[in-house]
Amino acid sequence: MLNQNLITYNKSEHRLPSGEISPATKKIIDKLVDHGFEAYLVGGAVRDLLLGLHPKDFDIATDATPEDIKRIFKGKCRIIGRRFRLAHIYMGNSIYEVATFRGSDPGDRVVKQGQIIRDNVFGTVDQDAIRRDFSCNALYYDMHEETILDFAAGVHDLKKGELKLIGNPNKRFIEDPVRMLRAVRFHAKLGLALTDSMRQDIINNRHHLHKVPTARLFDEAVKMFHCGNMEIAYYALSELQLFNILLPVAAKIANQQEQWHDFLIQAFRNTDHRLKNGLSVTPVFLTACVMWLEFIPIYHTLLDKGTNSHDALHEATTLVMTNQRDYLMIPKAIQNGIRQMWTLQLRFKKMSGKGVYSTLHHPRFRAAYDFLLLRNLSNSELSQQAEFWTNIQNMSPEGIKSLIFGKKVKRQKINYEL
Ligand code: ATP
Ligand code: MG
């Protein structure tokens, strides 16, 4: 390999904490090398380790083809993907992604109007490096030599705290418009600055996101929601006019009404806080929060027309999900979860009788309760409900019984507005 842009950092120069690399990753790399192939730790793991963070996953790059990998790892390996074929290796409870170096020759690469639809042209490590998105994602760690191979000045950019796209921005953003969303995610997650020219390039190319399959956009949106700094990502997405591409109605409402802008910020802070504290998160929650902005006016219009609350809730939910389909494809399972969360917002209004038990034991109670608390921050009328559903969780069965069946409970006419 001869590449004049290559900078090699040895152990004393890079100080990558190699002890943090998972034993399974080491095993996979060792095995590939033992079979005579090149294999490196690459991408987010090298970047995150250099930044002192815990990598989310360990990606491996090699000159072995997916078929070679399958032959070496036999039953533990599955070849996945059509657009971008790669090997998944199963070790314990984890899956490790092993990608074959992408090359530069035309071959099994399909490009439509500049967008890469399929890329299965294999090549060498230096060719692979420049096909990656950002300089800090094109670092290769050689476990045996303990060196970092840096083909695109990624270490320099990381030190400077800047996110740099590799190659010509217009070409690279058209090839794969999702890179624009990835830029925002890495900016938010890693605190890397987006240069003024990158911001302008994103604004200029943002319309290409419409060409990306909406199911892939949803996956990217969820990665963004759970990047740990969604509040910052939201500001960047708004500034770069990307939020309105993914969620046009929510973006418009949040822009026009401060109350809903604040609601979103609180929702994002809530998830950021949970992630910082190691608590679990579900894509249902933030998806429900952003879609709520669109749901509320439709729900109220239906109530005003005389539709009963139950039907109005289901009709409005279906309408919101259908409208959103052209922008982000929300999977059915997530849609169902959102519907349950919203139905529980109606059920929370009933604070007496035996229905309280089924609400309390509903599988979506936790997320729905968090959602109620979030709504309560901007709607003081909900404080009685918030208090009731908070207290009841810590009560004894006898206490609950006397609370919900007690003499003091007066039947009140429920107002079904949300
Ligand atoms: P994280 O796993 O923390 O989200 P990552 O950078 O590892 O971040 P992955 O989606 O796991 O992201 O991808 C692994 C690597 O593959 C990236 O670091 C990058 O080098 C390359 N890559 C991923 N997606 C693209 C893309 N759309 N265009 C070019 N290269 C990409
Ligand atoms: Mg990764």
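The following legends describe an overall view and several close-up views of a predicted model.

**Figure 1. Overall view of the predicted protein model.** The protein contains 21 helices and 12 strands. Its C-alpha trace spans about 85 × 45 × 40 Å along the principal axes. Of the 418 residues in the protein, buried residues make up 50%.

**Figure 2. Close-up of the pocket that holds ligand 1.** The space taken by ligand 1 is the largest pocket. Around ligand 1 there are 17 residues, of which Arg132, Asp176, Arg179, Arg185 and Lys189 come nearest. Helix H3, formed by residues 44-50, supplies at least two residues of the shell around ligand 1, and so does helix H8, formed by residues 178-190. Helix H8 provides the largest share of this shell, namely five residues.

**Figure 3. Close-up of polar contacts between the protein and ligand 1.** Two of the contacts shown are made by side chains and one by the backbone. A polar side-chain atom of Arg185 is placed 2.8 Å from an oxygen atom of ligand 1. For Lys56, the distance from a polar side-chain atom to an oxygen atom of ligand 1 is 3.0 Å. At Asp133, a backbone N or O atom lies 3.2 Å from a nitrogen atom of ligand 1. Ligand 1 taken alone exposes 580 Å², and the protein buries 84% of that area.

**Figure 4. Close-up of the magnesium ion, ligand 2.** Which residues coordinate the magnesium ion? The ion is coordinated by Asp57 and Asp59, in each case through OD, at 2.2 to 2.5 Å. Is Asp57 buried, partly exposed or exposed? Asp57 has a relative accessible area of 35%. Buried means under 20% and exposed means over 50%, with partly exposed in between; Asp57 is therefore partly exposed.

**Figure 5. Close-up of Thr62 in strand S3.** Thr62 belongs to strand S3, which covers residues 59-62. A polar atom of the Thr62 side chain lies 2.7 Å from the backbone oxygen of Glu38. Is Thr62 buried or exposed? Thr62 is buried, because its relative accessible area is 0% and buried means under 20%.

Terms used:
Residues are numbered from 1 along each chain as its sequence is written. Chains are lettered from A and ligands numbered from 1 in the order in which they are written. This is a predicted model: local features need pLDDT of at least 70, side-chain atom pairs count only at pLDDT 80 or more; totals for chains, interfaces and linings use all residues. Side-chain values use heavy atoms; hydrogens and water are left out. Donors are N, O and S atoms within 2.8 Å of the metal (3.2 Å for Na, K and Ca); water is not among the atoms, so sites may look incomplete. Buried means under 20% relative accessible area, exposed over 50%, partly exposed in between (1.4 Å probe, protein chains only). A residue is near a molecule or strand if one of its heavy atoms lies within 4 Å of it. A polar contact is a pair of N or O atoms within 3.5 Å; within protein, one must be able to donate a hydrogen and the other to accept it, and residues adjacent in sequence count only if both atoms are side-chain atoms. Accessible areas come from the Shrake-Rupley method with a 1.4 Å probe; for residues, only the protein chains shown count as cover. On a 1 Å grid over the protein atoms alone, a cavity is a set of points where a 1.4 Å probe fits but cannot get out, and a pocket is an open set with protein on both sides within 12 Å along at least five of seven lines; lining residues have an atom within 4 Å of a point. A molecule sits in a cavity or pocket if more than half of its atoms lie within 2 Å of its grid points. Helices (H or I, at least four residues) and strands (E, at least two) are DSSP runs, numbered from the N terminus.
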